[in-house]
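Let's take a friendly walk through a protein model together. Keep the 3D view open and turn it as you read.

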Amino acid sequence: MARQPAVEPTPVLSEVRERIDGIDRQIQALIAERAGWARQVGKAKGPLKAAVDYYRPEREAQVLRQVLDRNEGPLSDEVLLRLFREIMSACLAQQEPLKVGFLGPEGTFSQQALQKHFGHSAKGLPLASIEEVFQEVEAGNADFGVVPVENSGQGTIQSTLDMFLTSPLKICGEVELAVHQYLMSRTGRLEDIERVYSHPMSLAQARAWLRQHLPRAEKLAVSSNAEAARRSRTADDAAAIAGENAGHVYGLKVVAGPIEDRPDNTTRFLVLGRELFSASGHDRTSLLVYVRDQPGALYGVLSPFARHGVSMNRIESRPSHAGRWQYAFFIDVSGHVQDPGVARALAELGEYAADVKVLGSYPVALG
């Protein structure tokens, strides 16, 4: 008679909980040890004055990529990235939290992007406009800023690009945020709604849903989705299109959602700073190029990147504000300005480019 394989006994619940408690103690001790070594990094750098002096986005990106490389489950990459970002955020904030400006008020997608990139230990500064975010970072009242730059379905936020025409700020990071739009109101009833507030881009992202379900409701554009939620909380016949977080902040009930027309709706945000950081190993460079008015000028600007094996990710033209019918080109390429291929390509632009401004070289978004 064949022997049956030995069956391991099922662990008793109390034993499992005891083991988990022991692991929790180890995790807590290791986090405390990490925080102590983070302080040693500060001491090694000398007598710096503020949290911004300690923050290095290229180093943070390298650490997070190592987290992804080591991940063998069962937790997802997204969950592990969030956990480690929060640990790094808390360690950095031991002396003083980073001050980060964003397009407010509280509850906007910009605030969500801020927290995704910097963690919840950073101090968010809600500001009234994209222009004000630039101004507060330039003045030193904010260490960094977070502004939206493009949406996967609706394209570029032109006001953000236009600020770079005159701003000295640098792009030092990017954030990609999956955006889900919800219709919310005070009563939570669709039949009560006579007007809908939202940011113009969010109204556009939910155009088909609104046409089908609220064809007669008035659509009113406001400065942000959080402002839409704030206005809607005072009237039973008003509603807002915004993220769920805005509904929690302003006490609204979800009427319907997600209601965006595209299920892959994603917004890209830029992190603004006052300096250019070193390469992380997987970077993107953003350029502002003023092209000479001559035949083949744009081809002459783009061809050096192809010759030196540099991939171009994006190109967009905007009025340069330097004269009538004069344009500047915003160009994103793979790599860092310190990379040999990018550096050689930039050196060859002079014949066709009237001016080249490096807006930033920064780590590619991790997700």
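In this predicted model, four strands make up an open sheet, and their order across the sheet is S13-S14-S12-S15, with antiparallel pairing. At the edges you will find strand S13 (312-319) and strand S15 (353-363), each of which pairs on one side only. Going from one strand to the next, the twist averages 15°.

Look at the pair S12 and S15: nine bridges hold this pairing, in the antiparallel sense. To find your place in the pair, look for threonine 285, which stands opposite serine 361 in S15. A helix belongs to the picture too. Helix H11 (residues 297-307) packs on this sheet and touches S12, S13, S14 and S15. The direction of H11 makes about 155° with that of S12.

Now for another open sheet. This one has five strands, in the order S8-S7-S9-S6-S10, and its pairing is mixed. Strand S8 (218-221) and S10 are the edges here; each has a single partner strand, so one side of each is left without a neighbour in the sheet. Neighbouring strands are turned by 35° against each other on average, with direction ignored.

Which way do strand S6 (residues 182-185) and S10 run, parallel or antiparallel? They run antiparallel, and three bridges join them. Within that pair, leucine 183 stands opposite alanine 256 in S10. Helix H9 (residues 225-232) packs on this sheet, touching strand S7 (195-198) and strand S9 (238-242). The direction of H9 makes about 160° with that of S9.

Next, let's look at peptide bonds. Most residues other than glycine have a negative phi, and most peptide bonds are trans. Two cis bonds in this model are worth finding, and the table puts them side by side.

| Cis peptide bond | Omega | Where the proline lies |
|---|---|---|
| Glycine 104 and proline 105 | about 5° | loop between strand S1 (99-103) and H4 |
| Glycine 257 and proline 258 | about -5° | loop between strand S10 (253-256) and S11 |

S10 is thus a helpful signpost: this strand is an edge of the five-stranded sheet, and the loop between S10 and S11 holds proline 258.

Helices can pack on each other as well. Two packed helices are described by the angle between their axes and the distance between the axes. For helix H2 (residues 57-70) and helix H3 (residues 77-92), the axes come within 10 Å and cross at roughly 140°. This crossing is right-handed. Which residues of H2 meet H3? They are Glu60, Val63, Leu64, Val67 and Leu68, and on the H3 side they meet Asp77, Leu80, Leu81, Phe84, Arg85 and Met88. By class, this contact has eight nonpolar, no polar and three charged residues.

Finally, let's search for space inside. Rolling a probe the size of a water molecule over the atoms shows where empty space is left. How many cavities of 30 Å³ or more does the structure hold? There are two.

The largest cavity contains about 160 Å³ of space. Its lining has 18 residues, and those nearest the centre are Arg85, His117, Glu174, Pro363 and Val364. Arg85 may look familiar, as this H3 residue also takes part in the contact with H2. Elements that give two or more residues to this lining are H2, helix H4 (109-118) and strand S5 (170-178). S5 gives the most, with five residues. The lining divides into ten nonpolar, three polar and five charged residues.

The second largest cavity has about 70 Å³ of space. Among the residues that line it are Val149, Phe164, Arg268, Ser286, Arg314, Phe330 and Asp332. Strand S11 (266-273), strand S12 (283-291) and strand S14 (327-334) are the elements that give two or more residues to this lining. Both S12 and S14 belong to the four-stranded sheet where our walk began. By class, the lining of the second largest cavity has eight nonpolar, one polar and three charged residues.

Technical notes. Residues numbered from 1 in each chain as written. Predicted model: local features only at pLDDT ≥ 70, side-chain atom pairs only at ≥ 80, totals over all residues. Heavy atoms only, no water. Axes fitted to C-alpha atoms, helices over the stretch in contact; angles between N-to-C directions. Left-handed = near helix turned anticlockwise from the far one by under 90°. Contact = heavy atoms within 4.5 Å. Nonpolar A, V, L, I, M, F, W, Y, C, P; charged D, E, K, R; others polar. 1 Å grid on protein atoms, 1.4 Å probe; cavity = no way out; pocket = protein on both sides within 12 Å on 5 of 7 lines; lining within 4 Å. Points joined across faces, edges and corners; volume = space filled by probe spheres on them. Pairing = 2+ DSSP bridges.
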